[in-house]
Amino acid sequence: MSFVEGKVPARLKLIHGFGAVAFGVKDSGFSFFLLLFYNQVLGMDAGLVSLALLIALVVDAVIDPILGNLSDRTYTRWGRRLPWLYAAPIPLAFAWVVMWSPPGAEAPSFLGLVGIAIVVRVLLSACEVPSVSLLPEITADYDERTTLFRYRYLSGWFGGILMMILAYTVFMPGPEGLLQRDGYIAFGTFGAILMAVSVLGSALGQHRLVAHLPETKPEPFSLKGAFSEIIEAFSERAFLIFAAGGLAAYVSQGMTFSISNYVNVFVWQFDRIALQLYPIILFFSVVLMFFIVSPMHKHLGKPRSAAVSALVSLGLFLLPYLLLLGGLWPEVGTALSTGLYFTFLVFANTMGIVVMISASSMIAEIVEAYLERTGRRAEGAFYSGNWLVQKCATGLGIFLTGQIIRMSQLSSDAAPGEVPQEVISDIILMYGGISIVLALIAAYWLGRFPIRREDHEARVAALAARRASQEQEAHSHK
């Protein structure tokens, strides 16, 4: 049984979504600033930094399914998810501060960076996996799940963009500020506080609704049992199709986010005002997504919405770079160039987020398919599987950015406006070529996702009928 039948109250949507602010803070830090910080500020080699982050992501991705299984098997009077949401955020906040304030005020060793990155990511997973696993339990409605994901994505992007705005205006203002160490300390401290407040606040706000013993007591946790259930869950055909498309989409997202500051500063030569406007433009695209994703899902369904959005986003993303290489773009660094680029960016990013929200929402429908086949709910297993796919892919995306920067031979002390044109061209060609391949893969596989609205609604009705029959039979035997 779902916690809520029918429409989910607006207050619950806001409270549940608020927990995703922590994920947005993390995503903004890791994807937009961490590579730049350790490479250009602390002087570590970009290839080594991206490799360290990739290793941390892979380790975290392997641990995620175990966390998901533990979450599914947690059996307390506060339910399955809340104990995790109360225990993890404070240690996460301390680890996040250390990430941006390395001991000795110097670059850590390669293994030191790997270690702190793993700690931060595992603690964040201990917050995010249980939080998002609550979503299929809150409602089984096809459209209400989309709405809940809209609020999660809105909150996540709000957290990330708030940190970007503060970074560009308060902590590290201007292109030169991004290359100064002191601002990153305040950036990390504020982000740590925001993470803890969002996770704990969301948990407290949902406490009354979800804090009760689960209906059935799960078997005790065992590592062998956890991996057996994970393998069984991953054998769902729908999940494998999702994973193929989601992997490509997440690699593209990880690469795009991590290379953004490089292209903004060195390719488009943003000035201080442009850098301050950049996160606002991104947030405007999130607001646009909030209003178009539900109509798209209602008219096209989630799979077609993801496929169409991936292709449209690719076209809008590529055009400015093609015009720039063709000599048809206004002089970079001017108001006209920046304004025109922002116009393309806002719509490209809107459609890109629709891809992600459609893919994430698809996983909720896999939960009922698995329940119908096995008789067990495994929200944690599937959403931790999603994080496994996402984190491996995001790590690969960041790794690709590091290799693009290394192969382009962009120096670690590069100055905006002084980078040779052949270096700029190499960055654009490698970045654009990889993006084309990834977008086509994502569109193909996400468009083939086999669970449509009518399939899900029929399955939910059948499961409800089965449950009613079982309850009636049990009542008759009393």
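In the predicted model, helix α7 is largely enclosed by the rest of the structure, because 23 of its 30 residues are buried. The length of α7 is consistent with its residue count: at 1.5 Å a residue, the 30 residues should span 44 Å, and the end C-alpha atoms lie 42 Å apart, which agrees. At the start of this helix, a side-chain oxygen of Asp 141 approaches the backbone nitrogen of Asp 143 to within 3.0 Å.

Helix α2, comprising residues 21–41, is mostly covered as well, with 21 of its 21 residues buried. The axis of α2 is not straight; a bend of about 55° occurs at Phe 33. Just after this helix, Gly 43 adopts a positive phi of about 85°.

Both helices contribute to the internal space of the model. A search of the whole structure identified five cavities of 30 Å³ or more. The second largest of these has a volume of about 390 Å³. Its lining consists of 25 residues, and those nearest the cavity centre are Phe 23, Asp 27, Tyr 153, Gly 156 and Trp 157. Two or more lining residues are supplied by each of α2, α6 (110–138), α7 (142–171), α11, α13 and α14 (379–408). Among these elements, α7 makes the greatest contribution to the lining of the second largest cavity, with eight residues. By residue class, this lining comprises 14 nonpolar, eight polar and three charged residues.

The largest cavity encloses about 590 Å³ of space. It is lined by 34 residues, of which Ser 252, Thr 256, Ser 313, Ala 348 and Gly 352 are the closest to its centre. The elements that provide two or more residues to this lining are α11 (237–267), α12 (272–325), α13 (335–374) and α15 (421–447). The lining of the largest cavity contains 25 nonpolar and nine polar residues, and no charged residue. The lining of the second largest cavity, by contrast, includes three charged residues.

Helices α11 and α13 each give two or more residues to the lining of the largest cavity, and each also does so for the second largest cavity.

Note on methods
Residues are numbered from 1 along each chain as its sequence is written. This is a predicted model: local features need pLDDT of at least 70, side-chain atom pairs count only at pLDDT 80 or more; totals for chains, interfaces and linings use all residues. Side-chain values use heavy atoms; hydrogens and water are left out. The bend at a residue is the angle between axes fitted to the seven residues ending there and the seven starting there. Helices (H or I, at least four residues) and strands (E, at least two) are DSSP runs, numbered from the N terminus. Buried means under 20% relative accessible area, exposed over 50%, partly exposed in between (1.4 Å probe, protein chains only). On a 1 Å grid over the protein atoms alone, a cavity is a set of points where a 1.4 Å probe fits but cannot get out, and a pocket is an open set with protein on both sides within 12 Å along at least five of seven lines; lining residues have an atom within 4 Å of a point. Grid points are joined across faces, edges and corners, and a volume is the space filled by probe spheres set on the points. Ala, Val, Leu, Ile, Met, Phe, Trp, Tyr, Cys and Pro count as nonpolar, Asp, Glu, Lys and Arg as charged, and the others, Gly among them, as polar. The expected span of a helix is 1.5 Å times one less than its number of residues. A polar contact is a pair of N or O atoms within 3.5 Å; within protein, one must be able to donate a hydrogen and the other to accept it, and residues adjacent in sequence count only if both atoms are side-chain atoms.
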